[in-house]
Amino acid sequence: MKPLLQIALDHTDLVSALDTVHRVKDYVDVVECGTILCFCEGIKTVSVIKTLCPEKIVVCDLKCCDAGEILAKQAFSAGAKWMTVVCAAPLATMITTKKIADSYQGEIQIELFGNWTFEDAKEWVKNGITQAIYHRGRDAQAAGQGWSQSDLDKMKRLSDLGIGLSVTGGITPESISTFKDINVKVFIAGRALSAAADPKKAATQFREQIDKYWD
Ligand code: 5RP
């Protein structure tokens with residue numbers, strides 16, 4: 001399947017986030033209430049975004065690491081379809097969060113930051129978790145971390161386990177080709193869309209690159 005395009009709203013205030021939503025919502029498939037936005041403006045942003053984009057998949061990027069039941073109820077009852085749980089969370093948190101997601105016909109996504117293993121990934125799959133986000137962290141990127149062959153190999157192995165993979169972390173239209181041999185479910189772009197002088201044009205450039213490399 002052709003990768004979807006997701007906008008990550010990492011604004012520190014809701015007004016600016018909504019401005020970006022109005023500019024790009026017709027050109028993306030998925031709208032994410034980013035970790036930064038959720039921290040700064042609260043989980044209410046999810047219901048505001050869902051009201052503005054009823055036909056889009058809305059993601060609540062909480063990067064949950066504990067209290068999965070309470071946080072998942074908040075996210076999914078507000079209208080999220082997907083919610084993130086960080087890979088360092090205990091398996092118990094993932095299982096509890098998934099149970100709430102299931103009750104809302106939603107899904108959880110495991111955010112792959114820092115330390116995780118393929119044994120962990122097999123446990124996630126065994127417990128019915130179907131999505132993960134391969135993430136080059138914002139801070140790691142700022143410190144000079146690029147995308148390596150090792151990243152691509154890990155993506156392939158995760159994909160082979162049956163995990164639907166989102167890829168994120170400073171993604172630009174120019175970097176899409178790096179992942180052309182990977183079975184990417186979603187490309188997540190934040191700053192490349194929201195900070196673009198013309199976000200619609202930027203979204204179109206992402207689409208052109210996706211169309212070029214995936215049938
Ligand atoms: C940060 C995130 C961001 O939403 C994600 O990395 C996309 O943002 P950008 O394209 O600006 O890097 O989850 O933790």
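How many helices and strands are there in the chain? The chain has 10 helices and 8 strands, and what you are looking at is a predicted model. Let's start with the whole thing and then drop in on a few residues.

First, the overall shape. The C-alpha trace spans about 45 × 40 × 35 Å along its principal axes. The radius of gyration is 16 Å, and a compact globule of 215 residues would come out near 17 Å, so the chain agrees with that picture. As for what is tucked away, 47% of the 215 residues count as buried. The contacts tell you about the fold too: take those between residues at least 6 apart in sequence, and 65% of them join residues at least 24 apart.

Now the outside. The accessible surface adds up to about 9900 Å², and carbon and sulfur atoms account for 52% of that. For charge, you'll find 25 positive and 27 negative side chains, with the centres of the two sets lying 2 Å apart.

Next, go inside. Which residues touch the most other members of the largest nonpolar core? They are Ile110, Leu112, Trp124, Leu158, Phe179 and Phe187, in a core of 60 residues. Leu158 is a handy one to click on: leaving aside residues up to four places away in sequence, Leu158 touches Leu112, Trp116, Phe118, Ala121, Tyr134, Ile163 and Leu165. Apart from that core lies another, made of 7 residues, including Ala8, Val30, Val59 and Val186.

Val186 comes up again if you look at Ser166. This serine sits in strand S7, which covers residues 164-168. Is Ser166 buried or exposed? Ser166 counts as buried, because its relative accessibility is 0%, and the cut-off for buried is under 20%. What does Ser166 touch, once residues up to four places away in sequence are set aside? Its partners are Gln109, Gln131, Ala132, Ile133, Tyr134, Val186 and Ile188. Tyr134, you may recall, is also on the list of residues that Leu158 touches.

A couple of spots have backbone angles to look out for. Most residues other than glycine have a negative phi. Lys63, though, has a phi near 45 degrees, a positive value in a residue that isn't glycine. You'll find Lys63 in strand S3, residues 57-64. With a relative accessible area of 21%, Lys63 is partly exposed, since the buried class stops short of 20%. Gln105 is no glycine either, and its phi is positive as well, at about 55 degrees. Where is Gln105? Gln105 lies in the loop between helix H5 (91-103) and strand S5 (107-112). Its relative accessible area is 59%, so Gln105 is exposed, the cut-off for that being over 50%.

Two other glutamines are worth a visit, each in a helix. Gln74 belongs to helix H4, residues 68-77, and is partly exposed, with a relative accessible area of 41%. Try pairing Gln74 with Cys60: they are 14 residues apart in sequence, and their C-alpha atoms are 9.7 Å apart in space. Gln149 is in helix H8, which runs over residues 149-160. Gln149 is partly exposed because its relative accessible area is 49%, which falls under the 50% that exposed residues have to pass. How far apart are the C-alpha atoms of Gln149 and Thr178? They are separated by 9.7 Å, with the two positions 29 residues apart along the chain count.

Key: Residues are numbered from 1 along each chain as its sequence is written. This is a predicted model: local features need pLDDT of at least 70, side-chain atom pairs count only at pLDDT 80 or more; totals for chains, interfaces and linings use all residues. Side-chain values use heavy atoms; hydrogens and water are left out. Helices (H or I, at least four residues) and strands (E, at least two) are DSSP runs, numbered from the N terminus. The radius of gyration is taken over C-alpha atoms; the globule rule is 2.2 Å times the number of residues to the power 0.38. Buried means under 20% relative accessible area, exposed over 50%, partly exposed in between (1.4 Å probe, protein chains only). Contact means heavy atoms within 4.5 Å. Accessible areas come from the Shrake-Rupley method with a 1.4 Å probe; for residues, only the protein chains shown count as cover. Lys and Arg count as positive and Asp and Glu as negative; His and the chain ends are not counted. The place of a charge is taken as NZ of Lys, CZ of Arg, CG of Asp or CD of Glu. A nonpolar core is a set of buried Ala, Val, Leu, Ile, Met, Phe, Trp, Tyr and Cys residues joined through side-chain atoms within 4.5 Å.
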